[in-house]
Amino acid sequence: MKTKIYFIATLMGVCTSSFAQKLSEIDTLQYSKMISKEEGKNFKTGMDIKHYIASDKNTYKVGDTLILGAPTGEGHSAFSKKRHFEYLFYGKPAGVLLKGMRYIEEQYKDYKITIEKIQFNKGSMGLENYVFFYVKPLPNTDFTVLDNYITVTMVDNAITKGEIKPLHNTRPLTREEAVELLKKKKEELDLEIINKEEFDKFKEELTPIIKGGK
C-alpha cells in the first residue's frame, strides 16, 4: 500500500514538473541531503543525479550494475503464493495510469540490471523525498521486459529491504570488515599466496580503519 502512495506522489511530481522549466542536474547528492525537507527545497522533482551516495554509503552512478535480491512484495492472488519486487515495476511512473502497476516477478532474483538514469523526487502528500532509478537488464539475458524501462522506486528502501544490491561495494569498510580482511590476508601470507610486502601494504591501509573504529 505504501509503495502505491509513493507512486501517486511521484506521478503528481512528474506531472507538475512538465510545466516547469528544464530539469536541474546535480553532480553528487548524498542521502542525508536528499532526505532533508530543507535541502529538498533547492531540488526540482525529476532532477538528474550523476552520483548518488545512498543510505548504505555506496555511490551509485549511471552505468553501474546492480543485482536483484530477494523480492519482498506479497502475491495478490488467493490462488498464487508468488512474490514480486515491491520497489521495482515495469515502465515509468506516468505510464502506470495507462498500463497499471506491473511489478517485477520473483523469477528474476539474482539477475543483473544496469542504471540508465538517476532522478530525485520531492516528497508530497506528507511523504519524504526519495531517489529513483531507471534501469535495464543486461543484454543477452532471458529477462522478458514488458516496457522500455524498469523503475526502481524509493531506492533506499529497496536497498534496505535487499531488493537491489551493488555488484561492487564502493562504501568505506567498517572496522569489522577491515579486521576480517586483514585476517584473510594473513592466512594468504601463511599459505604463501601473497608475499610479506603485499601483506604489509594491506596492513598499512587497513590499520587506520581498525584503530579508528570506523
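Here a biologist and a modeller talk through this predicted model.

Biologist: Happy to start with the basics: how many helices and strands does the chain have?
Modeller: Good place to begin. The chain has 214 residues, and buried residues make up 39% of them. Its secondary structure comes to seven helices and ten strands.

Biologist: Since this is a prediction, which element has the lowest mean pLDDT, and which the highest?
Modeller: For the chain overall, the mean pLDDT is 87, and 85% of the residues reach 70 or more. Over residues 16-23, though, pLDDT stays under 50, and the model has seven contacts there beyond four places in sequence. Among the elements, the lowest mean, 52, belongs to helix α1 (residues 2-17), and the highest, 98, to helix α5 (residues 155-160).

Biologist: Among contacts between residues at least 6 apart in sequence, what percentage join residues at least 24 apart?
Modeller: One example that falls short of that separation is Leu-182 and Lys-203, which touch and are 21 residues apart along the chain. For the chain as a whole, the share that joins residues at least 24 apart is 60%.

Biologist: Let's turn to helix α6. How far apart are its end C-alpha atoms?
Modeller: Helix α6 covers residues 175-190, which makes 16 residues. At 1.5 Å a residue they should span 22 Å, and the model agrees with that, as the end C-alpha atoms are 23 Å apart.

Biologist: Why are the buried residues of α6 said to be on the same side?
Modeller: The buried residues in α6 are Ala-178, Leu-182, Lys-185, Glu-188 and Leu-189. They share a side because they cover an arc of only 115° around the axis. The face turned away from that buried side carries the exposed residues Glu-176, Glu-187 and Asp-190.

Biologist: And which helix is included in what covers the buried residues of α6?
Modeller: Leu-182, which lies in α6, gives a helpful clue. Leaving out residues up to four places away in sequence, Leu-182 touches Phe-199, Lys-203, Leu-206 and Ile-210. The cover over the buried residues of α6 includes the helix at 196-212, α7.

Biologist: Is Leu-182 itself buried or exposed?
Modeller: The C-alpha atoms of Leu-182 and Lys-203 are separated by 6.6 Å. The cut-off for a buried residue is under 20% relative accessible area. Leu-182 has 17%, so it counts as buried.

Biologist: Now α7: where does it bend?
Modeller: End to end, α7 looks as expected: its 17 residues reach 24 Å from the first C-alpha to the last, close to the 24 Å expected at 1.5 Å a residue. Its buried residues are Phe-199, Leu-206, Ile-209 and Ile-210, and their cover includes α6. The helix bends by about 35°, with a proline, Pro-208, following within four residues of the bend at Leu-206.

Biologist: On to the strands. Which residue in β7 stands opposite Leu-66?
Modeller: Strand β4 (residues 65-68) pairs with strand β7 (residues 112-121) in the antiparallel sense, over three bridges. Within that pairing, the residue of β7 opposite Leu-66 is Ile-113.

Biologist: And what is the bridge partner of Ile-67 in β10?
Modeller: Strand β4 is also joined by three bridges to strand β10 (residues 164-166), and these two run antiparallel. In β10, the partner of Ile-67 is Lys-165.

Biologist: Is Thr-114 buried or exposed?
Modeller: Thr-114 is found in strand β7. Beyond four places in sequence, it touches Asp-64, Thr-65, Tyr-134, Val-135, Lys-136 and Leu-138. With a relative accessible area of 14%, Thr-114 is buried.

Biologist: Last topic, the loops. What phi does Asp-110 have?
Modeller: Asp-110 lies in the loop between β6 (103-105) and β7, and is partly exposed, with a relative accessible area of 47%. Although Asp-110 is not a glycine, its phi is positive, at about 80°.

Biologist: What about Asn-140: what is its relative accessible area?
Modeller: Asn-140 lies in the loop between β8 (130-137) and β9 (150-152). It too has a positive phi without being a glycine, at about 65°. Asn-140 is exposed, with a relative accessible area of 83%.

Biologist: And which residue just after α6 takes a positive phi?
Modeller: Helix α6 ends at residue 190. Just after the helix, a positive phi of about 65° is taken by Glu-192.

Terms used:
Residues numbered from 1 in each chain as written. Predicted model: local features only at pLDDT ≥ 70, side-chain atom pairs only at ≥ 80, totals over all residues. Heavy atoms only, no water. Expected span 1.5 Å × (residues − 1). Buried < 20%, exposed > 50% of the residue type's maximum accessible area, 1.4 Å probe, protein only. Arc of directions from axis to C-beta. Contact = heavy atoms within 4.5 Å. pLDDT = per-residue confidence, 0-100. Pairing = 2+ DSSP bridges. Bend = angle between axes of the 7 residues up to and from the residue.
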